[in-house]
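Biologist: I'm new to this one, so could you take me on a close look at its empty spaces and at the place where the ligand sits? Please keep it relaxed and walk me through it piece by piece.

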Amino acid sequence: MTRTHSRRPIVAANWKMHTGPADGAELARAVAAQGLPLDAVDVVVLPPALGLSAVAEALRGTRLAVGAQHVHWESHGAFTGEISAAMLVGLAAYALTGHSERRRLFGETDRDVRRKARAIHDAGLTPIIAVGESLDERDGGQTEQVVRAQVEHALADLTPALTAASVLAYEPVWAIGTGRTATPEQAEEAIGWIRAAVGALHGAAAAGQVRIQYGGSVTPANARALLGREGVDGALVGGASLDAASFAAIVQAAA
Ligand code: PGA
């Protein structure tokens with residue numbers, strides 16, 4: 001694969017609401033034992049919050065990074081049930097925001113995503129910011145407009161430098177957990193729109209540096225075709241990340 005840029009691929013395992021501390025640590029150790037090409041790819045595991053300590057401990061001394069699936073935008077306060085990015089310092093290096101399940105099922109708004117992206121950076125962590133259109137929006141020809149608006153909101157409080165240091169994930173809602181993957185052409189096209197939106201907002205340098213993953217039913221079988229496309233800098237993997245060997249095969253495809 002020839003790459004026309006120097007962005008390092010990044011593959012993240014979104015375990016969603018699977019695994020507690022013990023089985024999460026076990027899965028993390030299984031992933032670390034896969035002989036991943038960590039010279040070429042950044043790898044992040046995103047366990048449920050309860051398992052963050054155990055997973056971080058299991059991965060200590062490895063080059064695998066840990067991330068949170070969800071944070072609040074304030075550093076502390078009367079927010080029952082929430083966890084702040086500031087609390088994750090020393091435990092996690094990344095935090096996800098804007099995932100369509102959070103947007104759709106838990107009411108996370110563009111404004112929340114904007115504040116969380118900033119809070120994650122303020123704590124010294126790297127945000128993975130997910131955007132993507134619904135099936136109705138795709139069928140209605142609105143994909144470009146939808147992802148552009150989500151990007152504009154999410155990055156509004158970031159500087160060009162913080163934007164460049166962020167990770168974005170293009171996750172078409174209709175492809176998440178459905179077994180229905182975007183075609184490599186669709187992924188490349190939408191990621192191109194996202195990168196153009198970043199450029200319009202924060203300049204060409206930030207657009208050239210920000211890493212943009214594809215997510216939505218990525219498997220070992222389709223990873224190579226998706227990750228081989230121009231501008232696709234890695235994957236955000238749900239279902240297939242719960243099996244260490246499947247996840248490792250996707251990481252290999254990104255190398
Ligand atoms: P999936 O999930 O790989 O199971 O489709 C991806 C995601 O939601 O990040």
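**Empty spaces and the ligand**

Modeller: Let's start with the largest cavity, whose lining splits by class into three nonpolar, three polar and two charged residues. Keep in mind as we go that this is a predicted model. The residues around that cavity are Gly98, Ser100, Arg103, Ala130, Val131, Gly132, Glu171 and Val173. Two elements, α3 (100-106) and β5 (126-131), each bring at least two residues to this lining. The volume of the largest cavity is about 40 Å³, and with a cut-off of 30 Å³ or more, the count of cavities comes to one. If you wonder how such gaps are found at all, a probe the size of a water molecule is rolled over the atoms, and that shows where space is left empty.

Now for the pockets, which are open rather than closed off. The largest pocket has a volume of about 470 Å³. It is lined by 19 residues, and Lys16, Met17, Gln69, His70 and Arg102 are the closest to its centre. You've already met α3 at the cavity; in the largest pocket α3 gives the most to the lining, with four residues. By class, the lining of the largest pocket comes out as 10 nonpolar, five polar and four charged residues.

The second largest pocket holds about 240 Å³ of space. Its lining counts 22 residues, with Gly177, Ser217, Gly238, Gly239 and Ala240 closest to the centre. Here the classes run to seven nonpolar, 13 polar and two charged residues.

So where is the ligand? The space it takes is the second largest pocket. That pocket still shows up as empty space because the grid is laid over the protein atoms alone. Around the ligand there are 13 residues, and the closest are Lys16, His99, Glu171, Gly177 and Ser217. This shell is made up of four nonpolar, seven polar and two charged residues. Some names come back here: Glu171 is also on the list for the largest cavity, while Gly177 and Ser217 are among those closest to the centre of the second largest pocket.

Let's zoom in on the polar contacts of the ligand. A polar backbone atom of Gly177 lies 2.6 Å from an oxygen atom of the ligand. For Ser217, a polar backbone atom is 2.7 Å from a ligand oxygen. With Lys16 the side chain takes part: one of its N or O atoms is 2.8 Å from an oxygen of the ligand. On its own the ligand would expose 280 Å², and the protein buries 95% of that.

Lys16 is worth one more look. Besides its ligand contact, Lys16 is one of the residues closest to the centre of the largest pocket. Along the chain, Lys16 is found in the loop between β1 (10-14) and α1 (21-32). Its backbone has a positive phi of about 50°, although Lys16 isn't a glycine. Thr19 has its place in the loop between β1 and α1 too, and Thr19, also not a glycine, has a positive phi of about 80°.

Conventions
Residues are numbered from 1 along each chain as its sequence is written. This is a predicted model: local features need pLDDT of at least 70, side-chain atom pairs count only at pLDDT 80 or more; totals for chains, interfaces and linings use all residues. Side-chain values use heavy atoms; hydrogens and water are left out. On a 1 Å grid over the protein atoms alone, a cavity is a set of points where a 1.4 Å probe fits but cannot get out, and a pocket is an open set with protein on both sides within 12 Å along at least five of seven lines; lining residues have an atom within 4 Å of a point. Grid points are joined across faces, edges and corners, and a volume is the space filled by probe spheres set on the points. Ala, Val, Leu, Ile, Met, Phe, Trp, Tyr, Cys and Pro count as nonpolar, Asp, Glu, Lys and Arg as charged, and the others, Gly among them, as polar. A residue is near a molecule or strand if one of its heavy atoms lies within 4 Å of it. A polar contact is a pair of N or O atoms within 3.5 Å; within protein, one must be able to donate a hydrogen and the other to accept it, and residues adjacent in sequence count only if both atoms are side-chain atoms. Accessible areas come from the Shrake-Rupley method with a 1.4 Å probe; for residues, only the protein chains shown count as cover. A molecule sits in a cavity or pocket if more than half of its atoms lie within 2 Å of its grid points.
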